[in-house]
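Welcome! Let's take a short walk through this structure together, one topic at a time.

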Amino acid sequence: MPTSTVLVCCVVLIQLFAGQTDARSSSPWQTLSGGAPLVIARGGFSGLFPDSSSAAYGFAVQTSVPSAVMWCDVQLTKDGAGICFPDLKLNNASTVEYFYPNRQKSYPVNGVSTQGWFTIDFSLSDLSNVYLIRGILSRTEKFDGIYHILTVEDVTTQIKPENFWLNVQHDAFYEQQNLSMSNFLISASRIVSIDYISSPEVNFFTKISGRLGRNGPIFVFQFLRKEDIEPTTNQTYGSILSNLTFVKTFASGILVPKSYILPLDDKQYLVPPPTKSLVQDAHEAGLQVYVSGFANDIDIAHDYSSDPVSEYLSFVDNGNFSVDGVLSDFPLTASSSIDCFSHLGENAIKQVDFLVISKNGASGDNPGCTDLAYDKAIKDGADVIDCSVQMSSDGIPFCSSSIDLSNSTMISQTPFAQRSKQVPEISSNGGIYTFSLTWAEIRNLTPAIGNPYRSYTMFRNPNKKNSGKLILLSDFLNLANNSTLLSGVLISVENAVYLREKQGLDVVKAVLGTLTETGYGNGTTKTKVMIQSTNSSVLVDFKKQSKYETVYKVEEKIGDISDSAIEDIKKFANAVVIVKTSVFPLFDDSFVIRQTNVVERLQKSKLPVYVELFQNEFVSQPYDFFSDPTVEINSYITGAGINGIITEFPFTAARYKRNRCLGEKQTPLYMAPVQPGLLLQAVNAIPPAQAPNPVFTDDDVTEPPLPPVAAKSPTSTPGDSFTHAQPPRPSGQTRLTLSLRFSVFASLLLLWISSPLCS
């Protein structure tokens, strides 16, 4: 590494640690010690980098609470060296089979014949040319084949963790191969500081007890699945759980899977907890309780709405108990959960101000645009709830996430399915459109929850998948006006031209009439009204007839916008909505390339910028945001400085406003915005040259005036109606470049990747 880079690294680290403190919650913790729960980084930051790599450990140290513990699954090589590797078999997370294709063997492991490339068949020298790869295939492969296997000593000398945890998974297996794990640990303890040692084998603790000194490591007994057999006692782990006083004779703590404390049923919902938890029982026995299995990029209980912070808080801040530590692949999220979001009451001071705007209500938890979705959005802290207005054939405006009822209801399973038709102006596919049914027919349809990630076998809240009912625009407005928690409503109006020309329906008139009827009186109520559309002529029409705020939505990815386009937008709009990739363009839908300056340019012209669509599912986020919706929100709010977010999960965004860490003099690294493009740079994945997106100009903004309302045509025979017209010209696309403030968080990532420690 060049001398200048080393100096920069040192300065950054000095600044970092000068401002870091331990967890600062003033509320009492319900841990055994009364202190904050430990963050234990399993193999480092193994949710992004290969498990137990130098980058994983280094990044975990820099982006976690200072007291974070680095976890090492210690394995023994043929010559008795201790390495940090997640499994007995090297082929699960390394390139060993490519370098040694003929050295596969079979051994009995816990009584089961197992094939693979075992650590005991390779010397440390043999492994010098073997590289680490991801062990979970759904994670990015961009860091595969970069980092070497580390020894236990390497981790302590190169990474210098504050706390170090060695997990001994297979002591009996090594003993069968004439290798002694206890002898290795005793020898290593003379040169390595070991703070915790865990194992699922009782006999291991018997052998090592008293041999590591009076001030030696804390011993933690690891519980495997309840039905598994512990080899020393020949009892199931479930049976041992009922005798915690026995465990206390050789260990100071227990490590259990999440399901031991908060089990799930067959549908991935939490089972109602017992009156007294395992944590409370263990604490009474004098045992600390550590919990394994935390990872942002796995399907968690539906109760958490795909929000990993909510899951952590249910274990550390539930009002009844707090576990003593969490073992996580994403220690940054564990750190922020404990330090930034624990012990936050509903009246906690807001640290940052922006609009939380729902998308079809809380549609991540309920069918969109239903009474339940709106009720939950209000309860969850949305500032603004939204209604996508659709029109029935008899001219009644109501809320529905789609003009095609087959996208939002179970209509395809009813006789109304015969009314499917093709409307090229709306979609290239056939649909069962709202204007083909009366409101009396629509109101009794069964709603359907959206499942945008069905292809990943991820489904939203199945217990509520058909709950709630569609509501009229008037009911929506009354609900909002009766709420003391909302600041406004957003009414989305689309397809106005088609509805006027082809169906004889005036959606603008219907919306204005309903607003007047429900007492909104042209902007005189306490509840602010915003009218949104992708069609400028719709907003011009509203401006002519009312004083409501108008919001122009640019639904395509843009990268730049001309001054003339901005001036045109200001004539009819008070704010602008853009999509997420118009702020942070992506490479291969996986990595942020850079930040545009679209937000900056619009805000300089006094146009607030709202961004959509925010979702909690980890597959909706590029790798830069660590499969954490809170990290993504933070990067858009404090990084890009947007004025509001449009989300299907309002609770996650509303909770972020009360983020304690944003009120500190120096924001900790686990709450620093991500530097766009740096992760892509770190993996040397330079995106291929591609034609830039066109500049969004005034030609893209200007639309012809709305046509007059045509006489309503006679009703067509169900299933036999086809409308032929040219599809509308898509609104323009553009791309832009705005600089995001450089965060210490991002610089450390690049420095760790490029340093000799990561090779």
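## A buried charged pair

R460 and E648 are both buried. In this predicted model, their side chains come together in a salt bridge, with N and O 2.6 Å apart. The two partners come from distant parts of the chain, 188 residues apart: R460 sits in the loop between α15 and α16, while E648 sits in the loop between β27 and α23.

## More salt bridges

You can find 31 salt bridges in the structure. Side chains of opposite charge can pair when their charged atoms come close. One of these pairs is K580 with E632, at 2.9 Å from N to O. K580 belongs to the loop between β23 and β24 and E632 to helix α22, 52 residues away along the chain. Both residues are buried.

Another pair is D329 and R42, whose closest N and O atoms are 2.7 Å apart. D329 lies in the loop between β14 and α13 and R42 in strand β1, so this salt bridge ties together parts that are 287 residues apart in sequence. D329 counts as buried, because its relative accessibility is 5%, under the cut-off of 20%. R42 has a relative accessible area of 22% and is partly exposed. Both belong to a network of salt bridges that also links D51, R139 and D297.

## Strand β27 and its neighbours

Now have a look at strand β27, which covers residues 644–647. In a regular strand the side chains alternate between the two faces of the sheet. Here both faces are covered: G644 and I646 are buried on one side, and I645 and T647 are buried on the other.

Strand β15 pairs with β27 in the parallel sense over four bridges, and V356 stands opposite I645. Strand β26 also runs parallel to β27, joined to it by three bridges, with V611 opposite I645. Between β26 and β27 the chain passes through helix α22 (residues 629–639), making a right-handed β-α-β crossover.

## Spaces inside

Rolling a probe the size of a water molecule over the atoms shows where empty space is left. The structure has five cavities of 30 Å³ or more, and the largest has a volume of about 160 Å³. It is lined by 17 residues, of which H302, S306, F459, R460 and E617 are the closest to its centre. The lining comprises seven nonpolar, six polar and four charged residues.

The second largest cavity has a volume of about 70 Å³. Among the residues lining the second largest cavity are S306, M458, E617 and F618. Its lining has six nonpolar, four polar and two charged residues.

Definitions and conventions:
Residues numbered from 1 in each chain as written. Predicted model: local features only at pLDDT ≥ 70, side-chain atom pairs only at ≥ 80, totals over all residues. Heavy atoms only, no water. Buried < 20%, exposed > 50% of the residue type's maximum accessible area, 1.4 Å probe, protein only. Helix = DSSP H or I, 4+ residues; strand = E, 2+ residues; numbered from the N terminus. Pairing = 2+ DSSP bridges. Right-handed = clockwise from strand over helix to strand, strands pointing away. 1 Å grid on protein atoms, 1.4 Å probe; cavity = no way out; pocket = protein on both sides within 12 Å on 5 of 7 lines; lining within 4 Å. Points joined across faces, edges and corners; volume = space filled by probe spheres on them. Nonpolar A, V, L, I, M, F, W, Y, C, P; charged D, E, K, R; others polar. Salt bridge = Lys/Arg side-chain N within 4 Å of Asp/Glu carboxyl O.
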